[in-house]
Amino acid sequence: MLAVGSVALATSLIGTIGTAAELGPDSLDAVAMGSWRAVIGGAGLLAASLIRKEAPWRYPLPARWVVLGALMVAGVQLSFFEAVSRTGVAVGTLVMIGSSVVAGGGIDWLAHKHRPGGRWLVGVVVAVGGVALLSGGSPDVVWSGVALAVVAGCGITTFGFSAQQLMRDRPLLPAMTTIIVAGALLLLPLALTSVEAAFASTASVVTIAYLGLVTVTCAQTLWGSGLKHLRLSIATVVGLMEPAVAATLAMTVLDEPVTPALVTGIFLVISGVAITSLNPGASTRFARSARIRRINSSR
């Protein structure tokens, strides 16, 4: 339950991105916010790792997982923001989240031979139905934007899988730091081209600082804590809490109208997450193995 709570809290923090961006200054465009979010968030994770004396370079750096994770971190930022600009927030978010859940089930099946069960499928259908209601059923579909949203959704899940592989032989903080800092380095040249917009005013600095430190540093630490103990397919379903939080903030902070569809959508998302995650078989194989090793070593 603690792992589920960590992922739910992480996705709740990530769900504040839209509200923070809406309240931020107009001088910050999507690319500036996305690139600086990754750079500042990665710097925050690195600082936390150094304070805890868990510097990423103290551990092996398996190239395939670090490179794969870094590419996903950078790719998600660019593909999602471009998807939203082409096909809209509603369709882009729905497609991204739906594809991340499907990818999570597929990766668990292929990598861990864990075929998603009926309970997982029911929870996914209920939660994705809720996300569809939250998205408002927008008819404006641009297929290139949909394709980019699929890329973003699969990228989020693949990033999580890469982080899980690093967590096999190191604590979660250096694992998450390694991948996110590597991705931030890829985005650094893009961030440097938007320095003027990012630091144009106190409001812009506060916005990118919040996006980086809260929705990356804090959120990814919590997300990693959950990934260490949950199967990827379960963690991605819990991640469906993000649009529910975003919709709630839109109604309460941004004074958007409260509609039956939004209330029903939030209820369905929470119900779907509960159906899927409140499952005694939700933990990862390597988390169970770690517990077994601890038990054997204590005998």
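The following questions and answers walk through the predicted model shown above.

The structure is a predicted model in which local features need pLDDT of at least 70 and side-chain atom pairs count only at pLDDT 80 or more, while totals for chains, interfaces and linings use all residues. Residues are numbered from 1 along each chain as its sequence is written, and side-chain values use heavy atoms, with hydrogens and water left out.

Student: How many helices and how many strands does the protein chain have?
Tutor: Helices (H or I, at least four residues) and strands (E, at least two) are taken as DSSP runs and numbered from the N terminus. Read from the N terminus on, the elements run α-α-α-α-α-α-α-α-α-α-α-α-α-α. The secondary structure of the protein chain therefore comes to 14 helices and zero strands.

Student: What percentage of the residues in the protein chain is buried?
Tutor: A residue is called buried under 20% relative accessible area, exposed over 50%, and partly exposed in between, with a 1.4 Å probe and protein chains only. Among the 299 residues of the protein chain, the buried share is 52%.

Student: Which helix gives the largest share of the nonpolar patch on the surface?
Tutor: Such a patch is made of residues with over 30% relative accessible area and no salt bridge, where nonpolar side chains (Val, Leu, Ile, Met, Phe, Trp, Tyr) are joined within 5 Å and like charges within 9 Å. Here the patch consists of Leu-185, Leu-188, Leu-192, Val-195, Phe-199 and Val-205, which together have about 500 Å² of accessible area, a value of the kind that comes from the Shrake-Rupley method with a 1.4 Å probe, only the protein chains shown counting as cover for residues. Val-205 lies in helix α10 (residues 202-227), whereas the largest share, three residues, comes from helix α8.

Student: At which residue does α8 bend?
Tutor: The expected span of a helix is 1.5 Å times one less than its number of residues, and α8, with 21 residues, reaches 29 Å from its first C-alpha to its last, close to the 30 Å expected. The bend at a residue is the angle between axes fitted to the seven residues ending there and the seven starting there. In α8 this angle is about 40 degrees, with Pro-189 following within four residues, and the bend is at Leu-186.

Student: Which residues is Ala-38 in contact with, leaving aside its neighbours within four places in sequence?
Tutor: Ala-38 is found in helix α3 (residues 30-51), and it counts as buried because its relative accessibility is 3%. Its C-alpha atom is separated by 8.8 Å from that of Leu-185, although the two residues are 147 residues apart along the chain. Contact means heavy atoms within 4.5 Å, and the residues in contact with Ala-38 are Ala-184 and Leu-187.

Student: Is Glu-54, which meets Arg-52 in a salt bridge, buried or exposed?
Tutor: A salt bridge is a side-chain nitrogen of Lys or Arg within 4 Å of a carboxyl oxygen of Asp or Glu, and the side chains of Glu-54 and Arg-52 meet in one at 3.6 Å, N to O. Arg-52 is exposed because its relative accessible area is 54%. Glu-54 has a relative accessible area of 12%, so Glu-54 is buried.

Student: How far apart are the closest N and O atoms of Arg-170 and Asp-169?
Tutor: Arg-170 is buried, with a relative accessible area of 5%, whereas Asp-169 counts as partly exposed at 44% relative accessibility. The two residues form a salt bridge in which the closest N and O atoms are apart by 2.9 Å.
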